[in-house]
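Here are a few short exercises to work through with the model open beside you. Try each task before you read its solution.

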Amino acid sequence: MTKAMHQIESILSQNEKYRLDDPAPTESQINQAELGLKTEFKAWYRDFVRLGGLNDLRFSAEILPPQELVENQRYIDSRAYVAFASNGCGDLFCWSVGDSPAIFLWDHETNRFTEDAPDFVTWLERNRF
């Protein structure tokens, strides 16, 4: 288990009563979404999905299932970022394609990306209530 996966699991294990019982997306669904985006998902996103994180109701942002990543990509005018969560107001949280671990916020009004967190675990901790 990677350090990030262990940290994600630790965050998700808190207050399990606020979780849905929906099944996690399958590896096939994850792989299909990657093909649709023509890019590999970050390992932490795969870990989050595998650990049932999409069913956790205690996040201030809606973390999107794999197929919705494909659907939401049409809003972003850049192939350098992949949107993985929504703040509910039209803005999207993204990871950059490549090696950077940083999380960015895409502002739908200005079409600008600004760094929101240095990595997903930090972002996850900030967005959990």
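**Exercise 1. Classify Asn72 as buried or exposed, then place it in its surroundings.**

Solution. Step 1: in this predicted model, the relative accessibility of Asn72 is 14%. Step 2: buried means under 20%, so Asn72 counts as buried. Step 3: look for its element, and you will find Asn72 in helix α4, which covers residues 66–72. Step 4: set aside the neighbours within four places in sequence; Asn72 is then in contact with Leu64 and Leu92.

**Exercise 2. Which residues have the most contacts inside the largest nonpolar core, and which elements supply it?**

Solution. Step 1: the largest nonpolar core has 27 residues, and Phe84, Phe120, Trp123 and Leu124 have the most contacts inside it. Step 2: the elements giving two or more residues to this core are the helices α1 (3–12), α2 (27–37), α3 and α5 (120–126), along with the strands β2 (81–86) and β3 (92–96). Step 3: a second, separate core has eight residues, among them Leu92, Cys94, Ala102 and Trp106. Leu92 may look familiar: it is one of the contacts of Asn72. Step 4: zoom in on Trp123, leaving out residues up to four places away in sequence; its contacts include Phe84, Phe93 and Ile103.

**Exercise 3. Work out the strand order of the sheet and find its edges.**

Solution. Step 1: five strands form an open sheet in the order β1-β2-β3-β4-β5, with antiparallel pairing. Step 2: an edge strand pairs on one side only, and this holds for β1 and β5 (112–117). Step 3: follow one pairing inside the sheet, where β2 and β3 are joined in the antiparallel sense over five bridges. Step 4: for a single position to look at, Tyr81 stands opposite Ser96 in β3.

**Exercise 4. Compare Ser60 and Leu57: where do they lie, and what do they touch or help to make?**

Solution. Step 1: Leu57 lies in the loop between α3 (43–50) and β1 (62–63), and Ser60 is found in the loop between α3 and β1 as well. Step 2: Leu57 has a relative accessible area of 46% and Ser60 one of 49%. Partly exposed runs from 20% to 50%, so that is the class of Leu57 and of Ser60. Step 3: beyond residues up to four places away in sequence, Ser60 touches Asn127 and Phe129. Step 4: Leu57, with Tyr18 and Leu20, makes a nonpolar surface patch of about 260 Å².

Definitions and conventions: Residues numbered from 1 in each chain as written. Predicted model: local features only at pLDDT ≥ 70, side-chain atom pairs only at ≥ 80, totals over all residues. Heavy atoms only, no water. Patch = residues over 30% accessible without salt bridge, like charges linked within 9 Å, V, L, I, M, F, W, Y side chains within 5 Å. Areas by Shrake-Rupley, 256 points an atom, 1.4 Å probe, with all protein chains shown as cover. Salt bridge = Lys/Arg side-chain N within 4 Å of Asp/Glu carboxyl O. Helix = DSSP H or I, 4+ residues; strand = E, 2+ residues; numbered from the N terminus. Buried < 20%, exposed > 50% of the residue type's maximum accessible area, 1.4 Å probe, protein only. Contact = heavy atoms within 4.5 Å. Core = buried A, V, L, I, M, F, W, Y, C linked by side-chain atoms within 4.5 Å. Pairing = 2+ DSSP bridges.
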